[in-house]
Amino acid sequence: MKTDRPLLGFGEVRHTRLRPRHHAFVYPTCFLMLPMRSLPEAAEALAINRRGALSFYDTDHGDGRTPAQGGALAWLDELLQAEGIDDATGEVWLHCYPRMWGHTFKPVSFWYCHRPDGSLRTIVVEVNNTFGERHCYLLDSPRYGVEMQANKVFHVSPFCEVRGNYRFRFMRTHSAGQERTVVRIDHGDEDGPLLQTSVSGVLEPATPRALRRALWGYPAMTLAIVARIHWHALRLWFKRVGFHRKPAPPAAPVSR
């Protein structure tokens, strides 16, 4: 990132199930990309830890720390230190969904952690399920465009067992003055590929005009995320895709 201003991304979410029944969807979306170390000084139009039609709250991430407790960034720094990563002291960019009209649900957020020289040190993938549980996958020494893998240890969907692995790929492209981000997460097991998912978008400064575009273009996005999760679960049930009971969450909050 060349700027330390909060950004908005406008793009789409894609999801494809390959077996035992094919099921796919594409939805337009918007998301935040926030420079967490410079956010207190950089946040202009975006509501930070205060009410707003479109806002960001520290308590929506990590262990729910308030700004007085250091917020989500203090949680992240402690997590990295506990994992032996002490050189990710440069900017931290958080890719996440905002609160809209006070409501939020963040299926997945991405913490891009940089060294002081600006090089990417690690990515923390913060996953939430609809049972109020959270787990983080820490990807050590990532590179854009290069696939990384992690064993699946956390329950997300009752139509997928907690087995197999995730394949992550993160990309950045610049063209005609625009920056585009793509995150791809594929899930497979010993039987082969199972799910293919991605979120992508073009990034632009979070100006009042861009925030109005997000609000008017996606007025109930965070509520729609939850509604769509249940709607597609119902469709999978009708397609007689196997249903699996939720196992206990992993003992450790972070896996690598």
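This text walks through a predicted model, starting with its two sheets and ending with a few single residues.

The first sheet to trace has 11 strands and is open, with mixed pairing. Its strands follow the order S10-S11-S12-S13-S1-S2-S5-S7-S8-S9-S14. S10 and strand S14, residues 254–255, are the edge strands, and each of them pairs on one side only. Helix H3, made of residues 208–217, packs on this sheet. The helix touches S1, S2 and strand S13 (192–205), and its direction makes about 30° with that of S1. Elsewhere in the sheet, S7 pairs with strand S8 (residues 120–128) in the antiparallel sense, over seven bridges. One residue pair to look for here is Val108 and its bridge partner in S8, Val127.

The other sheet consists of three strands in the order S3-S4-S6; it is also open, and its pairing is mixed. Strand S3 (47–48) and strand S6 (99–100) each have a single partner strand, so one side of each is left without a neighbour in the sheet. S4, residues 54–56, runs antiparallel to S6 and is joined to it by two bridges. Across this pairing, Ser55 stands opposite Arg99 in S6. In general, strands of a sheet pair through backbone hydrogen bonds, either parallel or antiparallel.

Three loops contain backbone geometry that deserves a look. Most residues other than glycine have a negative phi, and most peptide bonds are trans. Against that background, the bond between Arg19 and Pro20 is cis, with omega about -5°. Pro20 belongs to the loop that links strand S1 (7–17) to strand S2 (23–35). Trp101 has a positive phi, near 55°, and lies in the loop between S6 and strand S7 (108–114). Its relative accessibility is 57%, so Trp101 counts as exposed, the cut-off being over 50%. Ser141 has a positive phi as well, near 50°. That residue is in the loop between strand S9 (134–140) and strand S10 (148–151), and with a relative accessible area of 45% Ser141 is partly exposed.

Glu91 sits in the loop between helix H2 (71–82) and strand S5 (92–96). What surrounds this charged side chain? Leaving aside neighbours within four places in sequence, Glu91 is in contact with Pro35, Met36, Arg37, Ser38, Tyr112, Cys113 and His114. Glu91 is buried but has no salt bridge. Arg37 provides the nearest side chain of opposite charge, 5.3 Å away, and a salt bridge would require the charged atoms to be within 4 Å. Arg37 does meet Glu91 through its backbone: the backbone nitrogen of Arg37 lies 2.8 Å from a polar atom of the Glu91 side chain. The side chains of Glu91 and Ser38 are also joined, by a polar contact of 2.9 Å.

The last stop is Phe170, in strand S11, which spans residues 165–175. Is Phe170 buried or exposed? Its relative accessible area is 2%, so Phe170 is buried. Not counting residues up to four places away in sequence, Phe170 touches Phe110, Tyr112, Ile123, Val125, Leu139, Tyr144, Gly145, Val182 and Val183. Tyr112 is also listed among the contacts of Glu91. For a sense of distance, the C-alpha atoms of Phe170 and Gly217 are 26 Å apart in space, and the two residues are 47 apart in sequence.

Note on methods. Residues numbered from 1 in each chain as written. Predicted model: local features only at pLDDT ≥ 70, side-chain atom pairs only at ≥ 80, totals over all residues. Heavy atoms only, no water. Pairing = 2+ DSSP bridges. Helix = DSSP H or I, 4+ residues; strand = E, 2+ residues; numbered from the N terminus. Buried < 20%, exposed > 50% of the residue type's maximum accessible area, 1.4 Å probe, protein only. Contact = heavy atoms within 4.5 Å. Axes fitted to C-alpha atoms, helices over the stretch in contact; angles between N-to-C directions. Lys, Arg positive; Asp, Glu negative; His and termini not counted. Polar contact = N/O pair within 3.5 Å; in protein donor to acceptor, adjacent residues only side chain to side chain.
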